[in-house]
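User: I'd like to go through this model at the bench, one question at a time. Can you take me through it?

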4 protein chains.
Amino acid sequence: MTRVAVVGGAGYIGGDLVRILLAHPEVDLVAVTSRSLAGRRVDGAHPNLRGLTDLTFTDPGRLGRCDVLFTAVPHRESMGQLGRFAALADLLIDLSGDFRLRDPAVYAAYYGVEHTAPGELAGFTPGLPELYRKELAGADRIAVPGCMATAAILALHPAAADGLLTGEVTVDARTGSSGSGVSAGPENLHAERSGAMRVFAPTGHRHEAEVAQATGLPTRMTATGVEAVRGVQVLCRVTLAEGVDERVLRAAYRRHYGEEPFVRVVAQKRGQYRYPEPKLLAGSNYCDVGFAVAPGSRHAVLIGALDNLVKGGGGGGVQSLNVRMGWPERTGLGFPGLHP
Amino acid sequence: MTRVAVVGGAGYIGGDLVRILLAHPEVDLVAVTSRSLAGRRVDGAHPNLRGLTDLTFTDPGRLGRCDVLFTAVPHRESMGQLGRFAALADLLIDLSGDFRLRDPAVYAAYYGVEHTAPGELAGFTPGLPELYRKELAGADRIAVPGCMATAAILALHPAAADGLLTGEVTVDARTGSSGSGVSAGPENLHAERSGAMRVFAPTGHRHEAEVAQATGLPTRMTATGVEAVRGVQVLCRVTLAEGVDERVLRAAYRRHYGEEPFVRVVAQKRGQYRYPEPKLLAGSNYCDVGFAVAPGSRHAVLIGALDNLVKGGGGGGVQSLNVRMGWPERTGLGFPGLHP
Amino acid sequence: MTRVAVVGGAGYIGGDLVRILLAHPEVDLVAVTSRSLAGRRVDGAHPNLRGLTDLTFTDPGRLGRCDVLFTAVPHRESMGQLGRFAALADLLIDLSGDFRLRDPAVYAAYYGVEHTAPGELAGFTPGLPELYRKELAGADRIAVPGCMATAAILALHPAAADGLLTGEVTVDARTGSSGSGVSAGPENLHAERSGAMRVFAPTGHRHEAEVAQATGLPTRMTATGVEAVRGVQVLCRVTLAEGVDERVLRAAYRRHYGEEPFVRVVAQKRGQYRYPEPKLLAGSNYCDVGFAVAPGSRHAVLIGALDNLVKGGGGGGVQSLNVRMGWPERTGLGFPGLHP
Amino acid sequence: MTRVAVVGGAGYIGGDLVRILLAHPEVDLVAVTSRSLAGRRVDGAHPNLRGLTDLTFTDPGRLGRCDVLFTAVPHRESMGQLGRFAALADLLIDLSGDFRLRDPAVYAAYYGVEHTAPGELAGFTPGLPELYRKELAGADRIAVPGCMATAAILALHPAAADGLLTGEVTVDARTGSSGSGVSAGPENLHAERSGAMRVFAPTGHRHEAEVAQATGLPTRMTATGVEAVRGVQVLCRVTLAEGVDERVLRAAYRRHYGEEPFVRVVAQKRGQYRYPEPKLLAGSNYCDVGFAVAPGSRHAVLIGALDNLVKGGGGGGVQSLNVRMGWPERTGLGFPGLHP
């Protein structure tokens with residue numbers, strides 16, 4: 001059994017990661033840290049885990065060595081503690097934003113602070129097996145992309161990689177309330193957010209930079225919080241290169257994703273679920289992607305959907321771990337989501 | 001014009017009271033206080049009021065004289081400051097829990113603190129025109145009942161007043177998230193409360209004591225937070241006195257409420273809205289009441305529904321003000337609610 | 001009193017129109033028709049109106065003369081019956097899609113059927129006082145724009161009219177479930193739609209053509225159903241003309257909308273309600289508009305929000321009626337919406 | 001591998017049963033029937049299963065022999081076709097209401113029709129391992145109890161079986177919208193049901209009879225639809241026998257459920273999840289139960305919560321199947337539910 005610890009396990013991403021790791025047959029979850037809840041039961045913060053674990057939170061300062069360390073801490077903290085983390089485990093899987101962007105100047109522009117460990121950036125492999133499976137097999141440091149970035153990158157990748165797009169990409173991203181985290185402020189009270197459509201980042205959301213980096217396309221992202229607990233959906237408006245039509249697009253998606261365990265191409269003629277719908281994906285590690293072309297035009301909309309706490313969070317990290325360890329990629333990630 | 005001020009106007013109850021008062025044709029809203037937001041625009045805290053007022057919050061310490069003072073402050077604070085409030089206006093309308101219970105021992109039992117102004121309790125008239133219209137006409141101090149208490153009292157009143165009930169009443173009360181207030185903690189984040197059915201007071205909710213006091217019947221109340229922003233619904237299980245059947249019950253409701261401007265009897269044979277439904281009442285001052293008798297039995301369920309921030313809050317206060325001032329009772333309270 | 005009738009009053013738009021008309025001080029609502037519910041009480045279909053009206057639905061075939069006829073019927077039916085409607089009243093206010101587009105070829109392209117009364121198109125004035133107030137003063141036939149079109153047109157208008165934009169507009173439109181109507185199919189069951197983000201028109205939504213017509217700008221619209229009952233929000237991505245910045249934009253919005261009774265400019269520096277939020281507008285006739293410019297760029301997002309059943313439905317029609325009759329424009333439309 | 005078929009697999013209960021069976025390591029799902037969707041893909045009706053199955057719906061008339069037959073058909077149909085079902089498989093697991101009540105007179109009273117196969121009632125064992133594990137080990141016909149009945153029976157069982165209760169039980173049951181099924185009418189549209197608290201059975205709900213039968217206690221049940229997709233919660237008001245207090249109650253729950261794989265006792269001192277919360281149980285086979293005693297009284301509230309489509313539906317059936325086949329009881333039922 002591989003000994004795994006989670007740093008920052010009191011939050012929503014950390015909690016869902018713990019849920020997945022507890023059921024993972026190759027993993028022995030040895031510690032979950034929380035500064036504020038040290039000594040308290042893990043199932044107190046994550047009551048869905050009652051009966052599944054007797055773990056208590058470990059004070060981060062008392063964490064011992066393990067094989068794999070997941071870090072689910074706020075950005076800045078991750079780069080600040082990288083040395084400590086690296087001393088604790090040979091394999092690091094970081095869920096923060098600190099090691100996602102290769103260029104420290106881009107980091108500074110989007111995060112508003114200088115990167116304090118720019119020399120380490122090149123050492124991280126993106127935790128996105130669909131694009132970096134080969135690199136992940138030998139990686140010792142993995143940075144899982146942001147939730148909206150993951151959805152957008154996977155929606156765009158087949159078309160971008162095959163050169164089927166031209167010009168700028170604009171991404172309209174919508175996200176549920178769990179993305180604001182367990183320590184969100186009063187603006188995320190149920191009474192405020194229920195039924196709301198909150199444009200919290202009309203321009204320049206941080207995940208925009210990740211999409212541009214992964215696709216090589218100039219990108220504009222707008223982010224809105226809509227009523228859902230889990231779930232991200234992105235609509236990417238693109239211009240197709242000359243001669244590209246829906247048939248060509250479909251073939252590209254099939255070719256790139258036909259064998260992918262966690263990407264489904266959803267672009268049907270009818271039905272209320274003919275395009276990717278995050279409602280179906282709560283708890284699942286799938287990212288559904290689809291597309292629609294405006295008839296007689298080169299204008300297309302590429303769509304992606306996922307659960308921000310699974311494929312866009314800890315699930316993406318565990319999938320990367322599976323790849324890295326040579327375990328079957330679906331291990332521990334079998335839950336398909338519910339309907340209705 | 002009658003000069004009115006609101007103490008504690010930054011919360012949900014205070015804010016909705018401000019909305020009603022701004023549109024009230026007899027009222028000049030001269031001040032709204034908030035300790036934390038003093039000097040800031042009122043429509044910053046209550047953005048639905050943009051364009052309707054340029055008021056800024058007044059520091060409570062700088063509040064001047066006016067004709068009517070609404071106090072929407074936490075319990076304990078209201079009894080603590082009664083002297084100050086009384087010096088500011090001749091007519092006080094209190095929305096806190098401090099002056100609802102006549103017996104200070106009952107107050108102590110339900111609120112966990114001694115009442116600090118027990119001699120003032122008898123000076124308050126309940127702000128519930130359906131039961132105390134005559135008394136309100138001459139009242140100078142009015143205490144608006146709690147939201148769930150209002151719904152339960154109005155659901156029970158015709159049957160209780162006419163001696164149609166026997167034994168104990170059990171009240172199952174459900175409430176939306178606005179009842180937790182604007183300063184609710186992280187347990188009321190959207191991600192936590194969406195889709196939840198939270199039993200927050202399985203026994204002994206404070207409003208239980210108000211129901212027992214108003215109806216004279218021993219009462220048990222259970223309170224659950226369900227998914228809605230506004231809205232309270234109560235199901236009161238009762239035993240009918242011998243010989244009482246649905247026909248008798250219906251006649252009692254008609255007789256008591258036939259002329260009431262804000263109580264509608266809703267007990268129909270079919271349709272999804274055949275019983276009181278708070279969804280229809282958001283923003284409205286109606287309390288809908290209904291009933292169902294188990295065939296061939298003396299077991300009945302009396303049902304009430306209202307908007308906790310209107311009829312169960314500031315709207316009930318304004319209705320009482322209308323009665324007190326001799327204005328038409330519906331003044332300023334005309335919005336009927338929406339469907340769907 | 002002006003005698004008004006509503007054709008097609010059993011649906012959501014018709015029902016909310018009835019709510020507004022019943023409280024309108026200049027209007028005598030003489031009839032509401034419904035084929036399927038003829039003879040049944042209006043408050044059976046619209047239970048929020050209990051106690052406010054004793055009207056029963058009239059069979060459409062038995063409708064008599066009146067002063068003003070609102071028609072809230074499906075598209076195709078409106079153009080098919082125009083002759084009959086015109087014989088019933090001198091002033092027609094149509095809420096369907098049939099008379100919104102001036103060019104019958106565009107109608108055919110977007111609605112998939114030929115227009116059967118192309119000669120009548122020029123006789124209709126758009127029911128959008130912000131753009132057509134002068135024309136409405138003398139209009140006898142008024143076509144209220146679609147809900148998403150209204151939001152987008154009002155969001156774009158100041159910038160478009162002043163020549164501040166260049167190139168194509170892409171509109172990301174989100175709408176609540178009431179837009180699907182009372183006769184929506186099983187795909188709109190609560191169990192299916194709760195928490196969903198349903199891309200129902202990734203390209204070519206009908207309202208797209210109205211936006212292009214009103215603004216003169218090539219337009220692409222994507223429409224998604226999100227979790228809310230009422231409410232439309234549009235995000236319009238635009239490219240600013242050279243030299244246009246946020247200051248210029250803000251000045252244009254102020255100049256165009258500074259005196260508008262039902263448009264508020266919402267573009268603040270902070271707060272969860274710093275951009276237009278439909279949650280605040282349920283039941284209200286406001287359309288809130290705002291904007292954000294990506295720093296150091298000519299990329300901007302123009303945002304609009306409204307209640308699809310009020311400003312984007314019957315409320316827009318009543319506002320147009322007020323203009324047409326010379327009544328104060330706010331008459332009967334005073335409800336500001338709720339928070340929370 | 002055991003060959004299993006599902007009759008009536010197009011609905012919500014059937015669909016979730018298919019989800020569980022597809023992942024069950026001992027089961028080979030050989031057929032899923034639907035009259036209306038025969039020949040269509042199963043993942044068309046249940047899009048969360050995309051990529052997990054290529055099954056198409058079988059016409060019920062063409063269903064062949066198998067080892068186990070689950071029947072998820074409407075009541076009346078199940079008893080009408082029992083002979084056919086029995087010819088198809090040696091083990092029947094029925095999810096309808098037809099074989100839950102032992103007394104045909106009670107069935108007639110609650111279902112409004114005569115039972116057409118009263119002689120078969122005694123042949124069915126309730127699919128509730130917590131009460132009937134021994135009997136299930138040898139059962140060939142299993143009737144899974146109703147969702148609200150399951151929650152109430154499990155909440156009441158320890159106290160009822162140990163003789164800790166006296167007098168009547170009243171059950172306040174709340175359920176999410178999936179309970180109305182995929183063919184629910186327009187009253188279950190999202191626009192109608194969102195935020196609603198719909199008292200659909202103030203007295204005499206059918207599951208009431210099941211609770212009385214299983215506990216031996218006179219029972220009154222009230223049923224309300226609240227806003228959630230999945231989830232049932234019951235509040236059972238009881239009177240404790242003399243001398244019974246919270247300590248005695250807790251001991252009974254621990255003794256009865258300490259070893260149960262799918263019942264957790266949740267009755268804590270603090271926290272928003274201190275009582276059973278169905279929100280945590282979506283997709284899981286747990287039934288959480290808890291209790292609260294009014295201080296200084298014999299009045300108690302016993303609480304139960306579950307997912308109506310899993311523990312209150314197909315999951316309860318699969319758990320019973322596991323018991324019957326001698327497989328580990330948790331097989332195929334490991335998903336714990338999500339937070340948030």
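Analyst: A word on annotations to start: UniProt positions are given in the numbering used here, feature names are shortened, and annotations may be inferred rather than shown by experiment. This is a predicted model, where local features need pLDDT of at least 70, side-chain atom pairs count only at pLDDT 80 or more, and totals for chains, interfaces and linings use all residues. Residues are numbered from 1 along each chain as its sequence is written, chains are lettered from A and ligands numbered from 1 in the order in which they are written, and side-chain values use heavy atoms, with hydrogens and water left out.

User: Which residue does UniProt list for "active site"?

Analyst: That label comes from an unreviewed UniProt entry. In chain A, the listed residue is found in helix H7, residues 147-161 (helices are DSSP runs of H or I, at least four residues, and strands are runs of E, at least two, numbered from the N terminus). The residue listed is A:Cys147.

User: Is A:Cys147 buried or exposed?

Analyst: Buried means under 20% relative accessible area, exposed over 50%, and partly exposed in between (1.4 Å probe, protein chains only). A:Cys147 touches A:His207, A:Val232, A:Leu306, A:Asn308 and A:Gly312, leaving aside residues up to four places away in sequence (contact means heavy atoms within 4.5 Å). Because its relative accessibility is 15%, A:Cys147 counts as buried.

User: How much area do chain A and chain C bury between them?

Analyst: Buried area is the accessible area (1.4 Å probe) that two parts lose on being put together, summed over both. This contact takes 49 residues from chain A and 49 residues from chain C. Carbon and sulfur atoms give 56% of the buried area, and the total is about 3,800 Å².

User: Which three residues of chain A supply 19% of the area it buries against chain C?

Analyst: We're looking at the chain A side here, and no other three residues supply more. They are A:Met197, A:Arg237 and A:Gln272.

User: Which residue forms a salt bridge with A:Asp172?

Analyst: A salt bridge is a side-chain nitrogen of Lys or Arg within 4 Å of a carboxyl oxygen of Asp or Glu. By that rule there are two salt bridges across the interface of chain A and chain C. For A:Asp172, the closest N and O atoms are 2.7 Å apart, and the partner is C:Arg174.

User: How many salt bridges does the rule find between chain B and chain A?

Analyst: Here the contact takes 18 residues from chain B and 18 residues from chain A. The two chains bury about 1,300 Å² between them, 59% of it on carbon and sulfur atoms. In chain B, B:Leu189, B:His190 and B:Ala191 lose the most area to chain A, together 46% of what that side buries. As for salt bridges across this interface, the count is zero.

User: Which helix gives the most to the side of chain B that touches chain A?

Analyst: That side of chain B divides into eight nonpolar, seven polar and three charged residues (Ala, Val, Leu, Ile, Met, Phe, Trp, Tyr, Cys and Pro count as nonpolar, Asp, Glu, Lys and Arg as charged, and the others, Gly among them, as polar). The top contributor gives four residues, and it's helix H8 (residues 190-193) of chain B.

User: Last one: how far apart in space are B:Val27 and B:Asp90?

Analyst: B:Val27 lies in strand E2 (residues 27-32) of chain B, and its relative accessibility of 6% is why it counts as buried. B:Val27 and B:Asp90 are 63 residues apart in sequence, and their C-alpha to C-alpha distance is 15 Å.
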